[in-house]
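Got the viewer open? Here is a walk through the model, one selection at a time.

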Amino acid sequence: MKCLHSYVHPDRIADMKGEYSHAFYKGLLLSEEEGGTIFINEPGGNGDVIHAMIRKVMKNPVTGVTSYAFAVLGITRVESKGLSFSSVARALSTNYIALYYVDLETEEFTEYSPYRNKEEISAERTGIHFFDAVRKDAPGALYDEDLDAFLTAFTKEHVKNALRKYGAFNYTYRFMIDGKPQYVAMKAVSMENEKGRIIIGVSNVDAGVRQRETIERLKAETATYNRVSVLMGDFVFIYTVDPETNRYLEYSCASEYAELGIPTEGEDFFRDSLRESVGRVHEDDLEQFLKEFRKENILEKTNKGEIFILEYRLRLGNAVEKVGLRAGIVEEKDGPKLIVGLIRKHRA
């Protein structure tokens, strides 16, 4: 390994962009701002990839001159003009939270992550026995419910078979990020012109997966509610409410009750319902309705596994109908939900 020391006054760093490579310049800036060791992967003029590091050593308090250590760790030779790993990694780093460069024959690997400005990538660690290292790191890093399935699926043999048959290995699982399980997608592809070497990218796809899950759940629940409505025939409306946030969503509403004016979705079900009840609930029943229809009253019942029931009369145009409000808690994938339904009893 070749190593040299460079002495640079801080005022000169801003003037160096035109004199040195882009990666070297960025490395100096990051080393000056953050300290620590900065890794650089920069393609040379002939396409070879230069792996180097920069580290801030010390600053002279008298002269203001800072000392940096610069070392060339190695050079990856490129046998053809095909894409180098560095160029591929740079292109992918803006979309991936982690990248791995793996030799499937030796199982040597390098783990990369993007710098904060997403313009460069940093080698976080290198090692051997990649698949054993993954199995060692997985407990605690993956969501417990997905761990066994992941360890079964992500093996050297399965990856090689998928690459041979389909050209890629893809797997989606939940990873613990900031203490919460989030969906991530792993994709492994072979490196062109580098036999036996692959690049593995892990990207955060939580928002997209949860959106698809929500759509599928809505479809299933809507179908269920439609079937129930056909059998019972007297549902006025059905809402689901998040008991933590009060956000709500309407699943069905009889057309003649649309004039009630309750929004199909919103931020606070209880506030909106109480507001719309004035002028709709029969005046003789309004006081009791306002007293009983409280979040704390409803949850006190439903959290015990019981059904909250409230009957009152509702004005619709010139008609008055007796209705029954029912509420209960159900467990869903994303937590408990309060199901609230209004059932037509008979005309008063």
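## Where to click first

Start with Leu 316, which sits in strand 14, the stretch covering residues 308-316. Is Leu 316 buried or exposed? Its relative accessible area is 10%, so Leu 316 counts as buried. Now add Val 281 to the selection: Leu 316 and Val 281 are 35 residues apart in sequence, and their C-alpha atoms lie 9.3 Å apart in space.

## Zoom out and colour by confidence

Before going further, keep in mind that this is a predicted model. Colour the chain by pLDDT. The average over the chain is 75, and 67% of the residues score at least 70. Which elements mark the two ends of the confidence range? Strand 1 (residues 2-8) has the lowest confidence, with a mean of 37, while helix 5 has the highest, at 94. Select residues 1-21 as well: pLDDT is below 50 throughout, and the model gives this stretch 42 contacts beyond near neighbours in sequence. Residues 80-85 also stay under 50, and there the model has 13 contacts beyond four places in sequence.

With the whole chain in view, switch to a cartoon. You'll be looking at 10 helices and 16 strands. Of the 348 residues in the chain, 42% are buried. Among contacts with a separation of 6 or more, 46% are between residues 24 or more positions apart. Turn on the surface, too: the chain exposes about 19800 Å², with carbon and sulfur atoms supplying 51% of that.

## Into the core

Hide the surface and show side chains. The largest nonpolar core has 27 residues, and those with the most contacts inside it are Phe 130, Phe 150, Phe 154, Met 186, Ile 198 and Ile 200. Several elements give two or more residues to this core, including strand 5 (98-103), helix 4 (130-141), helix 5 (144-153) and helix 6 (156-166). Strand 8 (169-177), strand 9 (180-190) and strand 10 (197-204) do so as well. Which element gives the largest share? That is helix 4, with six residues.

Next, centre on Phe 154. Setting aside neighbours within four places in sequence, Phe 154 is in contact with Phe 130, Phe 131, Val 134, Val 159, Phe 169, Met 186 and Ile 200. Elsewhere there is a second, separate core of 23 residues; to find it, select Val 236, Phe 237, Val 241 and Phe 289, which are among its members.

## Strand 5, wrapped up

Go to strand 5. Six of its six residues are buried, so the rest of the structure largely encloses this strand. Look at the side chains: Ala 98, Tyr 100 and Val 102 point one way, while Leu 99, Tyr 101 and Asp 103 point the other. That fits a general pattern: in a regular strand, side chains alternate between the two faces of the sheet. Now show strand 10 alongside. Strand 5 and strand 10 run antiparallel and are joined by six bridges. For a landmark on this pairing, pick Leu 99, which stands opposite Gly 201 in strand 10.

## Two helices with two sides

Select helix 5 and look down its axis. Its buried residues are Asp 146, Leu 147, Phe 150, Leu 151 and Ala 153. They fall within an arc of 155 degrees, so they line one face of the helix. On the face turned away from them you'll find the exposed residues Glu 145, Asp 148 and Thr 152. What covers the buried residues of helix 5? The cover includes helix 4, helix 6, strand 8 and strand 9.

Stay with Glu 145 for a moment. Its relative accessible area is 59%, so Glu 145 counts as exposed. Measure across to Arg 174 in your viewer: Glu 145 and Arg 174 are 29 residues apart in sequence and 8.6 Å apart in space, C-alpha to C-alpha.

Now move to helix 6, where the buried residues are Lys 156, Val 159, Ala 162 and Leu 163. They cover an arc of only 135 degrees around the axis, which puts them on the same side of helix 6. Rotate to the other side and you'll see Glu 157, Arg 164 and Lys 165, which are exposed. Helix 4, strand 8, strand 9 and strand 10 are among the elements that cover the buried residues of helix 6.

For the last stop, follow the chain out of helix 6 to Gly 167, whose phi is positive, near 85 degrees.

Notes: Residues are numbered from 1 along each chain as its sequence is written. This is a predicted model: local features need pLDDT of at least 70, side-chain atom pairs count only at pLDDT 80 or more; totals for chains, interfaces and linings use all residues. Side-chain values use heavy atoms; hydrogens and water are left out. A nonpolar core is a set of buried Ala, Val, Leu, Ile, Met, Phe, Trp, Tyr and Cys residues joined through side-chain atoms within 4.5 Å. Buried means under 20% relative accessible area, exposed over 50%, partly exposed in between (1.4 Å probe, protein chains only). Helices (H or I, at least four residues) and strands (E, at least two) are DSSP runs, numbered from the N terminus. Contact means heavy atoms within 4.5 Å. Two strands pair if DSSP finds at least two bridges between them. The arc is that of the directions from the helix axis to the C-beta atoms. pLDDT is the predictor's confidence in each residue, from 0 to 100. Accessible areas come from the Shrake-Rupley method with a 1.4 Å probe; for residues, only the protein chains shown count as cover.
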